[in-house]
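Here are my notes on the model you sent over. Have it open beside you as you go through the points.

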Amino acid sequence: MRHIISPLDLSVDELNDVLDLAGRIYRDPKRYSKVCDGMKLATLFYEPSTRTRLSFETAMMNLGGNVLGFSSASCSSASKGESVADTIRIVSNYADICAMRHYKEGAPLVAAKYSGIPVINAGDGGHNHPTQTLTDLLTMKELKGSLEGLTIGLCGDLKFGRTVHSLINAMVRYPGTKFVLIAPDELKIPTYLKTETLDVYHVPYKETGNLEEVLPELDVLYMTRVQQERFFNEEDYIRLKDSFILDRAKLNLAKEDMLVLHPLPRINEIATDVDDDPRAVYFKQAKYGVYARMALIMTLLEIPEPQ
Ligand code: CP
């Protein structure tokens with residue numbers, strides 16, 4: 001039995017296999033519409049979500065399975081003090097696989113230790129969000145043709161943004177990746193990601209506070225919102241929340257084939273006048289998330305390719 005807590009839980013070959021399967025499902029969804037007949041996915045969400053929870057549920061239903069779960073801690077027995085360990089022991093009796101989002105870093109890892117079913121981390125605090133990363137990789141692979149040789153600008157809240165941390169962990173393993181880290185001083189990526197990941201894989205990167213200056217060199221611009229829920233005081237959030245706003249005028253500085261990705265939700269960091277630009281693929285990205293999660297569910301449940 002396998003769990004996916006971090007993108008590093010999949011080797012590059014396994015990642016590529018999941019992405020290839022997701023591509024096949026995307027092109028022929030009907031073929032996969034019954035492969036999880038009789039199976040159940042539990043979505044255990046202790047923190048709010050729109051895309052991740054609903055795309056997981058859509059993914060399981062598209063595979064012919066069923067879903068159960070809770071969408072907030074307050075409507076589960078966590079509100080009475082039940083531990084994650086006890087909850088997953090119980091849910092293991094009800095479902096075949098589970099996706100867990102938690103506000104505490106490491107909670108899905110704890111769940112995995114006590115679980116009788118595969119656990120997928122659907123976002124843990126400011127730590128990791130591996131299925132968003134699968135979604136991001138699938139989007140780049142489908143729309144760029146390859147995950148090799150990409151210069152990726154990561155912009156916004158690189159300190160608390162778990163999608164950024166997971167994306168760095170995955171992309172350092174693809175040849176030719178370069179990162180441009182665009183953030184205010186207070187929201188730079190944590191030092192451990194530089195010393196334990198970027199430096200270890202010898203991935204070139206530079207840090208800047210100037211989006212306009214670096215836009216022309218990017219193949220992908222990954223925008224992120226400033227994570228209000230992770231700030232200790234409101235004043236800092238208000239001061240930093242609009243540090244970077246991508247609008248049509250700034251986008252004119254970018255390559256014609258640059259992709260604009262965003263894990264969403266968007267607040268102010270991408271002006272709505274960008275939405276109609278063909279380079280703005282963040283809504284398409286959210287759609288790819290369903291296929292990425294269908295492929296991951298099939299992989300963890302060891303469902304064979306249908307005849
Ligand atoms: N991208 C993402 O995790 O969105 P939700 O918080 O809506 O799930």
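1. Strand 3 (residues 97-102) runs parallel to strand 4, and 4 bridges hold the pair together. If you want a spot to zoom in on, try His102, which sits opposite Asp124 of strand 4. Keep in mind that this is a predicted model.

2. That pair belongs to an open sheet of 4 strands, ordered 2-1-3-4 and paired in parallel. The edges are taken by strand 2 (66-70) and strand 4 (119-124), each of which pairs on one side only. From neighbour to neighbour, the strands are turned by 15° on average, ignoring direction.

3. Now for a helix pair. Helix 3 (residues 84-91) packs on helix 4 (residues 107-114) with the axes 8 Å apart and at an angle of about 50°. How should we describe the two relative to each other: parallel, perpendicular or oblique? An angle counts as roughly parallel under 35 degrees and as roughly perpendicular from 65 to 115, so helix 3 and helix 4 are oblique to each other. The crossing of helix 3 past helix 4 is right-handed.

4. Who does the touching there? On the helix 3 side the contact uses Val84, Ala85, Ile88 and Arg89, and on the helix 4 side Ala107, Ala111 and Tyr114. By type, this contact has 6 nonpolar residues, 1 charged and no polar ones.

5. There's a second open sheet, with 5 strands in the order 7-6-5-8-9, and its pairing is parallel too. Strand 7 (205-208) and strand 9 (259-261) are at the edges with a single partner strand each, so one side of each has no neighbour in the sheet. The average twist from one strand to the next is 20°.

6. Within that sheet, look at strand 5 (residues 151-155) and strand 8 (residues 220-223): they run parallel and are joined by 4 bridges. Here Cys155 faces Met223 of strand 8. Helix 6 (residues 162-171) packs on the sheet and touches strand 5, strand 6 (178-182) and strand 8. The direction of helix 6 makes about 165° with that of strand 5.

7. Finally, the overall layout. The domain assignment splits the chain into domain 1, covering 7-128 + 290-300, and domain 2, covering 130-286. Note that domain 1 is listed as two segments. The C-alpha centres of the two domains are 24 Å apart. How many residues meet across the boundary between domain 1 and domain 2? From domain 1 there are 34, in contact with 25 from domain 2.

Definitions and conventions:
Residues numbered from 1 in each chain as written. Predicted model: local features only at pLDDT ≥ 70, side-chain atom pairs only at ≥ 80, totals over all residues. Heavy atoms only, no water. Pairing = 2+ DSSP bridges. Axes fitted to C-alpha atoms, helices over the stretch in contact; angles between N-to-C directions. Contact = heavy atoms within 4.5 Å. Parallel < 35°, antiparallel > 145°, perpendicular 65-115°, else oblique. Left-handed = near helix turned anticlockwise from the far one by under 90°. Nonpolar A, V, L, I, M, F, W, Y, C, P; charged D, E, K, R; others polar. Domains from an automatic or database assignment.
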